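User: I'm new to this one and would like a close look at a single part of it. Could you pick a spot inside the fold and walk me through what surrounds it?

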Amino acid sequence: MDRHEKYMKLAIKEAIKALEKDEVPIGCVIVKDDRVIARGHNLRESRQSASAHAEMIAIEKACKKIGSWRLEDCDLYVTLEPCPMCSGAILQSRIKNVYYGAYDPKGGCLHSCMNLYEVKGFNHYPNAHAGILEEECARMLRDFFKNKRSIKKAERKGTAEIKKNNV
């Protein structure tokens, strides 16, 4: 296993923590000098916060760990292509490299919907690398949403049965 797979597996472990909390399973780790300095997983539902993405949590922890908002010599590994907010935070924190697993056709801003890092005028441009353990990362998300849809369908069916029996 190469180093990118090693760190993506750690990000997947973070995604599993989110899954165990019934959160969308997205995980992230930040690496500096070949050591993990921060971890994060999605906590939007738990915190009821639109900004509680795995990357945002990990970036905040990494900044505290090294005592600076500049993460210039750091690499970020995340299971899903970063959204506009996270792509911007990555850019602003000056992270050197971003490695992600699954593409996000509905919100990804490094390759899917757009490439924020090709917009001219910024003073820093992270390198973006896609498809690290892509199938494993994508499968976790597909299974999560498939399960959510099944639960909703069962709930609708149950509600219809209750209404039918009460008539």
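Analyst: Let's start with His-124, which is buried in this predicted model. Its relative accessible area is 17%, and since buried means under 20%, His-124 falls on the buried side of that cut-off. You'll find His-124 in a loop, the one that runs between β4 (97-102) and β5 (127-129).

So what does the His-124 side chain reach? It gets to the backbone oxygen of Ile-95, at 2.8 Å. If you skip the neighbours within four places in sequence, the residues in contact with His-124 are Leu-91, Arg-94 and, once again, Ile-95.

Ile-95 is a handy stepping stone, as it also shows up among the contacts of Leu-76. Again leaving aside neighbours within four places in sequence, Leu-76 is in contact with a good list of residues, including Cys-28, Val-29, Ile-30, Ile-59, Ile-90, Val-98 and Tyr-99.

Leu-76 also takes us to the largest nonpolar core, which has 41 residues. Along with Met-8, Ile-30, Ile-59 and Leu-71, Leu-76 is one of the residues that touch the most other members. Plenty of elements chip in at least two residues each, among them α1 (3-20), β1 (27-32), α3 (54-66), β3 (74-80), β4 and α5 (134-166). The biggest giver is α1, with 6 residues.

Now for the rings. Searching the whole structure turns up 5 aromatic pairs. In one of them, Tyr-77 and Tyr-99 have ring centres 4.6 Å apart and planes at 15°, so this pair counts as stacked. Tyr-77 sits in strand β3 and Tyr-99 in strand β4, so the pair ties together parts that are 22 residues apart in sequence. Both rings belong to buried residues: Tyr-77 has a relative accessible area of 0%, and Tyr-99 comes in at 7%. Another tyrosine, Tyr-7, joins Tyr-77 and Tyr-99 in one aromatic cluster.

There's also a pair with another geometry, made by Tyr-100 and Tyr-103. Here the rings meet edge-to-face, 5.6 Å centre to centre, with 85° between the planes. How accessible are these two partners? Tyr-100 is buried, at 0% relative accessibility, whereas Tyr-103 is partly exposed, with a relative accessible area of 38%.

Conventions:
Residues numbered from 1 in each chain as written. Predicted model: local features only at pLDDT ≥ 70, side-chain atom pairs only at ≥ 80, totals over all residues. Heavy atoms only, no water. Helix = DSSP H or I, 4+ residues; strand = E, 2+ residues; numbered from the N terminus. Buried < 20%, exposed > 50% of the residue type's maximum accessible area, 1.4 Å probe, protein only. Polar contact = N/O pair within 3.5 Å; in protein donor to acceptor, adjacent residues only side chain to side chain. Contact = heavy atoms within 4.5 Å. Core = buried A, V, L, I, M, F, W, Y, C linked by side-chain atoms within 4.5 Å. Phe/Tyr/Trp six-rings, centres within 6.5 Å; stacked < 30°, edge-to-face > 60°.
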